[in-house]
Amino acid sequence: MRIREWQDVLEDVTERDVDPEDWRAVAGDRAGGVGEDMYLAHPRAGVFFLKTYAKNPFEVRGVGGRVARKVDDELDSFLPERDSGGRFAVQSPPEDEAQAETVGKRLETVLETHADAPTRPQDLFDDVMEAMGSPAFGPMEYDQYDRPDELDDLSERFEEADELLHSELEDLIETDEVDRGFM
């Protein structure tokens with residue numbers, strides 16, 4: 001595993017030529033220290049692992065890497081089902097005014113369509129992400145106050161990567177002189 005800046009890992013996720021709606025994620029508090037752990041997975045793109053923390057209320061720092069080339073049956077059991085409640089998306093801002101206007105019109109159409117018909121929240125979310133051209137979105141198991149069991153299971157499965165990223169993140173925290181997170 002090659003350890004990289006967390007934003008570089010997310011850029012790698014967004015540049016994958018895969019179905020954007022097939023991504024799944026699991027995230028929650030880090031087991032040993034400030035910050036959060038997050039796994040992003042796609043059947044064809046693999047599994048990416050991020051460890052981040054808030055340096056201050058305006059800046060997130062972290063590290064990550066790709067920990068698996070594909071999602072096998074064992075890993076699949078740790079990831080949320082397509083119709084589970086939580087959602088996540090990786091989104092980039094429009095490149096220019098023309099793109100922003102195009103996305104805005106598509107988004108307006110989606111919202112009008114959903115306003116006129118009964119719909120599930122997951123369907124609205126998925127249609128909005130498609131209209132915005134999100135490169136990665138899908139179901140997410142997340143706990144902002146603790147760690148979902150699936151996160152612990154994935155950390156055990158990728159124990160070596162967890163230890164390496166933990167060490168790298170602790171070095172960042174020490175360098176930034178951050179002793180605790182923000183609530």
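**Helix α4 and its surroundings in a predicted model**

Just after α4, Gly 133 adopts a positive phi of about 75°; helices here are DSSP runs of H or I with at least four residues, strands are runs of E with at least two, and both are numbered from the N terminus. The structure is a predicted model, in which local features need pLDDT of at least 70 and side-chain atom pairs count only at pLDDT 80 or more, while totals for chains, interfaces and linings use all residues. Residues are numbered from 1 along each chain as its sequence is written, and side-chain values use heavy atoms, with hydrogens and water left out.

Helix α4 itself covers residues 121–132. Its twelve residues should span 16 Å at 1.5 Å a residue, and the end C-alpha atoms are 17 Å apart, which agrees; the expected span is 1.5 Å times one less than the number of residues. Gln 122, Asp 126, Val 128, Met 129 and Ala 131 of α4 are buried, where buried means under 20% relative accessible area, exposed means over 50%, and partly exposed lies in between (1.4 Å probe, protein chains only). The buried residues of this helix pack against β6 (87–90), α3 (97–116) and β7 (136–143).

Strand β7 holds Gly 138, which counts as buried because its relative accessibility is 1%. Twelve residues separate Gly 138 from Asp 126 in sequence, and their C-alpha atoms are 7.5 Å apart in space. Setting aside residues up to four places away in sequence, Gly 138 touches Glu 21, Trp 23, Gly 86, Arg 87 and Phe 88, a contact being heavy atoms within 4.5 Å.

A second glycine, Gly 46, sits in strand β4 (residues 46–56). With a relative accessible area of 0%, Gly 46 is buried. Beyond its neighbours within four places in sequence, Gly 46 is in contact with Leu 40, Ala 41, Ala 68, Arg 69, Lys 70 and Val 71. From C-alpha to C-alpha, Gly 46 and Leu 79 are 12 Å apart in space, with their positions 33 residues apart in sequence.

At the start of the chain, Met 1 lies in the segment before β1 (4–5). Met 1 is partly exposed, since its relative accessible area is 42%. The C-alpha atoms of Met 1 and Val 67 are 6.1 Å apart, although the two are 66 residues apart in sequence. Neighbours within four places aside, the contacts of Met 1 are Gly 65, Arg 66, Val 67, Ala 161, Leu 164 and Leu 165.

Now for the chain as a whole. Six helices and seven strands make up its secondary structure elements, and along the sequence they follow the pattern β-α-β-β-β-β-α-β-α-α-β-α-α. The radius of gyration is 17 Å, which agrees with the value near 16 Å for a compact globule of 183 residues; the radius is taken over C-alpha atoms, and the globule rule is 2.2 Å times the number of residues to the power 0.38. Along the principal axes, the C-alpha trace spans about 50 × 40 × 30 Å. Of the 183 residues, 40% are buried. Among contacts with a separation of 6 or more, 68% join residues 24 or more positions apart.
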